[in-house]
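Work through these exercises with the sequence and the 3D view side by side. Try each task before you read its solution.

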Amino acid sequence: MQYIMDVAVVALRILMPVYTIIIVYQCFAAMRRRRRPERPLVLLQDLDSGVKTPVLFWENSIGRSRGSDIAIDDPAVSRNHCVLLRRKEGWFINDSNSKAGTYVNDKKVNGRTRVKIDDVISIGNKDFAFKRGEEFHEELQSSWFFSKVSNKPAMKPYKLLILISLFHIFMCVEAVFCDGATDYAPAYICMGLLAVEWLFFIISTTALKRVGFELESLCLFLTGIGVMLLARQYNGIKLATTQLVAAVAGMVLFCIIIKFIEDPDRVDKWRLIIMIASTVLLAINLIFGRVTNGSANWIHLGPISVQPSEFVKIAYIFVGASALDKLNTRKNLIEFIIFSLICLGALAVMGDFGTALIFFGTFLLIAFMRSGDFKTIIFALVGAGSAGLLVLTRKPYVLDRFKVWGHVFENADDKGYQMSRTLTYIASGGLFGVGIGNGYLKYIVASESDLVFGLMSEEMGLIVAVTIAVAVATLFIYARSVTTRSRSTFYSISACCAAGLLVIQMSLNVFGATDILPLTGVTFPFISSGGSSIISCWGLLAFVKAADERTYSLKVKS
C-alpha cells in the first residue's frame with residue numbers, strides 16, 4: 001500500500017507542472033473570450049465635412065494634442081481643451097480651462113454640462129453634432145490580446161473552479177504523505193480552503209450577481225497554493241490557518257472596494273479623507289511599531305500583528321487615480337505629491353526600504369499615466385538614485401545586502417547564508433520539485449515569506465514556480481488591455497497601477513530570492529505567508545476587477 005502511495009505522489013509531482021500551465025492558460029483565455037466586440041458609444045459628427053468620429057471611451061480628452069483621445073487640428077483649440085464623459089445620468093462635457101471655451105447649443109460650458117443626442121458641441125472653430133453610436137458602421141480593430149474577440153466558448157466558471165479545487169486536493173495528497181510519514185492535518189486545511197473557494201464563488205455569482213469569475217479564479221488558485229505550501233512547513237498548520245482566515249478577510253475587502261468605487265465621483269469626494277486616515281495610520285506605525293528584521297513596520301495588538309503599509313498601498317491607489325476631468329487640476333496634483341512624500345518618508349524612517357521601492361515604482365506608473373511625460377519619470381529616477389545613495393551611507397545593513405549581492409557563495413556561512421541555501425535548494429528541486437513538505441528550505445528563516453519563490457521551486461519544481469510568476473506578471477497586460485473600455489480614468493489608472501504594484505512586488509521577491517537583485521524582504525503576492533499582505537493583495541485586485549466593463553452593468557440615459 002505504501003509503495004502505491006509513493007508511486008502516486010511521484011506521478012502527481014510530474015503531473016502538477018502541466019496542470020499548472022493548463023489552469024493559468026484557461027483563466028486568461030476565459031478573460032479574453034468574454035469580451036464584447038468594440039463599438040463606439042456615441043459619435044461626434046463634423047457639421048462642415050460630415051465626418052463621423054467614434055467616441056470609444058467613457059471619458060475622452062478632446063484637444064489639439066496628439067495624445068488626446070479625440071484630436072482636433074484647429075489652432076483655436078487648446079492642447080487639452082475639454083473632457084467628454086459618461087455617467088449613469090447620461091453624457092456630460094467639462095471645459096479644461098481652454099482659451100476659447102467650450103459651448104453646447106451656443107451656451108458656454110461652466111463645470112459639468114449635460115449633453116443630449118443631437119446637441120451641437122462647439123470646440124474652437126469646429127461644430128460637432130452629438131449622435132448615437134449605432135450610426136457608425138465601420139469595423140474597429142484592437143491589437144490587444146485580451147481585447148480581441150474570440151468566437152471560442154469560454155470555460156464555465158464552475159468548471160474552472162473544479163480544476164483549481166482538484167489541483168489543491170493534489171497538493172493536499174502530497175502534503176499528507178510527504179517525507180515518508182502520514183499527517184492528516186493538511187487535509188483539514190484543504191477542506192477549509194475548498195469550502196472558502198466555493199462559498200466565495202456562490203456568493204459572487206448569485207447574491208452579488210457578479211459577471212465573470214476568471215480573475216477571482218486565478219487568485220483563488222494562487223491563494224490556495226500559498227495556503228497548502230504552508231501546511232507542511234515549520235509551525236505550518238498555524239501559519240496555514242492564519243493565511244486562510246486572512247484570505248477570507250481579503251475577499252470581503254475585495255467585495256467592499258468594488259461596491260465603494262462603483263461611482264468614480266464618490267471616490268473623488270473621499271480622496272482627502274482616505275489620505276488623512278492613511279497618514280494617521282503611518283504615524284501610529286512610527287510611534288508604536290516594533291522592529292522586525294530591521295524594519296519597524298509592524299504593530300502588535302495582542303496575538304495579532306499588523307503591517308499598516310500593506311493597507312496604505314490600497315489608499316495610495318485611491319489618492320493617485322481620479323476621473324479625467326479632475327485628474328490634472330492643481331489641487332489634485334499637489335495632494336498626490338504630498339501624500340507620496342509622506343508615504344516614502346515614513347517607510348524610509350521605518351527602515352522598510354523594500355516596500356518604499358514598491359511605492360516608488362507605483363508612483364512612476366501613476367505619474368506617467370497621469371501626464372505621459374517621460375521628463376517627469378527621469379527626474380523622479382534621478383531623485384530616487386540620490387536618495388538610494390544616501391540610504392546606503394546611513395543604513396549599514398542595507399549596504400551589507402548590496403555587498404553580498406552576487407557573492408553569496410563566497411559568504412555562505414555568514415551574510416550569504418540565506419541566499420546560498422535558497423539557490424542550492426532551488427537547484428535541488430529541479431523541474432518537478434521534491435514534493436510538498438519534502439524540502440529543506442523550510443528550515444531557513446523567512447522561507448515562507450521573503451524566500452517563498454525558492455520554496456515553491458524546491459517543493460513544486462521550477463516549472464510551477466515560473467508559471468506562477470508569469471501569471472502574476474500577465475495581470476498587468478490584462479489590466480492594460482481592459483482599461484480601454486473602463487468607465488473612468490480612475491478605473492484605468494487604478495487597475496494598471498494596482499496590477500503594476502503586484503508585478504513590482506512579485507519581481508522584487510523573485511529576483512531577490514534568486515540573487516538577481518539584492519534581497520529586499522518583500523512578499524510574493526497571494527503566495528507568501530502574511531495576513532496583512534494577502535488582505536492587501538485581494539484589495540488591490542478589486543481595482544483590476546473594477547476596470548472590466550462587465551463589473552458595473554447599467555443603462556445610461558441619452
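The exercises below deal with a predicted model.

**Exercise 1. The six-stranded sheet**

Task: Find the order of the strands in the open sheet of six strands, and say which strands stand at the edges.

Solution:
- Step 1. Read the order across the sheet: E2-E1-E11-E10-E7-E8, with antiparallel pairing.
- Step 2. Look at the two ends of that order. Strand E2 (52–55) and strand E8 (107–108) each have a single partner strand, so one side of each lacks a neighbour in the sheet.
- Step 3. Recall what holds such strands together. Strands of a sheet pair through backbone hydrogen bonds, either parallel or antiparallel.

**Exercise 2. Around strand E10**

Task: Describe how E10 pairs with strand E7 and with strand E11.

Solution:
- Step 1. Start with E7 (residues 102–104). Three bridges pair E7 with E10 (residues 120–123) in the antiparallel sense. Here Val 104 is opposite Ile 121.
- Step 2. Turn to E11 (residues 126–132). Four bridges link E10 and E11, which run antiparallel. Val 120 faces Ala 129 across this pair. Ile 123 has Lys 126 as its bridge partner.
- Step 3. Inspect the turn. E10 and E11 make a hairpin, with two residues between them. Gly 124, in the turn, has a positive phi of about 65 degrees.

**Exercise 3. The five-stranded sheet**

Task: Give the strand order of the open sheet of five strands, then examine the pair E5 and E6.

Solution:
- Step 1. The order is E4-E3-E5-E6-E9, and the pairing is mixed.
- Step 2. The edge strands are E4 (70–71) and E9 (113–115), and each pairs on one side only.
- Step 3. Strand E5 (residues 82–87) and strand E6 (residues 90–95) run antiparallel, joined by six bridges. Arg 87 has Gly 90 in E6 as its bridge partner.

**Exercise 4. Helix H9**

Task: Check the span of helix H9, then decide where its buried residues lie.

Solution:
- Step 1. H9 covers residues 330–350, which is 21 residues. At 1.5 Å a residue, the expected span is 30 Å.
- Step 2. Compare this with the model. The end C-alpha atoms are 30 Å apart, which agrees.
- Step 3. List the buried residues. They are Asn 332, Glu 335, Phe 336, Phe 339, Ser 340, Cys 343, Ala 346, Leu 347 and Met 350. They cover an arc of only 140 degrees around the axis, so they sit on the same side of H9.
- Step 4. Recall the rule behind this. An α-helix has 3.6 residues a turn, so residues three or four places apart point the same way.
- Step 5. Check the other side of H9. Arg 330, Leu 341 and Val 349 are exposed there.
- Step 6. Look just past the helix. Gly 351 follows H9, and its phi is positive, near 85 degrees.

**Exercise 5. Cysteines**

Task: How many disulfides does the whole structure hold?

Solution:
- Step 1. A search finds zero.
- Step 2. Test Cys 172. Its closest cysteine sulfur is in Cys 190, 4.2 Å away, which is too far for a bond. The cut-off is 2.5 Å.
- Step 3. Check burial. Cys 172 counts as buried at 9% relative accessibility. Cys 255 is buried too, with a relative accessible area of 19%. The limit is under 20%.

**Exercise 6. Positive phi without glycine**

Task: Where do Ala 446 and Phe 526 lie, and are they buried or exposed?

Solution:
- Step 1. Ala 446 is not a glycine, yet has a positive phi of about 70 degrees. Its loop runs between helix H13 (417–429) and helix H14 (452–460). At 13% relative accessibility, Ala 446 is buried.
- Step 2. Phe 526 is not a glycine either, and has a positive phi of about 70 degrees. Its loop lies between helix H16 (489–513) and helix H17 (531–547). Phe 526 is buried, with a relative accessible area of 2%.

Definitions and conventions
Residues are numbered from 1 along each chain as its sequence is written. This is a predicted model: local features need pLDDT of at least 70, side-chain atom pairs count only at pLDDT 80 or more; totals for chains, interfaces and linings use all residues. Side-chain values use heavy atoms; hydrogens and water are left out. Two strands pair if DSSP finds at least two bridges between them. The expected span of a helix is 1.5 Å times one less than its number of residues. Buried means under 20% relative accessible area, exposed over 50%, partly exposed in between (1.4 Å probe, protein chains only). The arc is that of the directions from the helix axis to the C-beta atoms.
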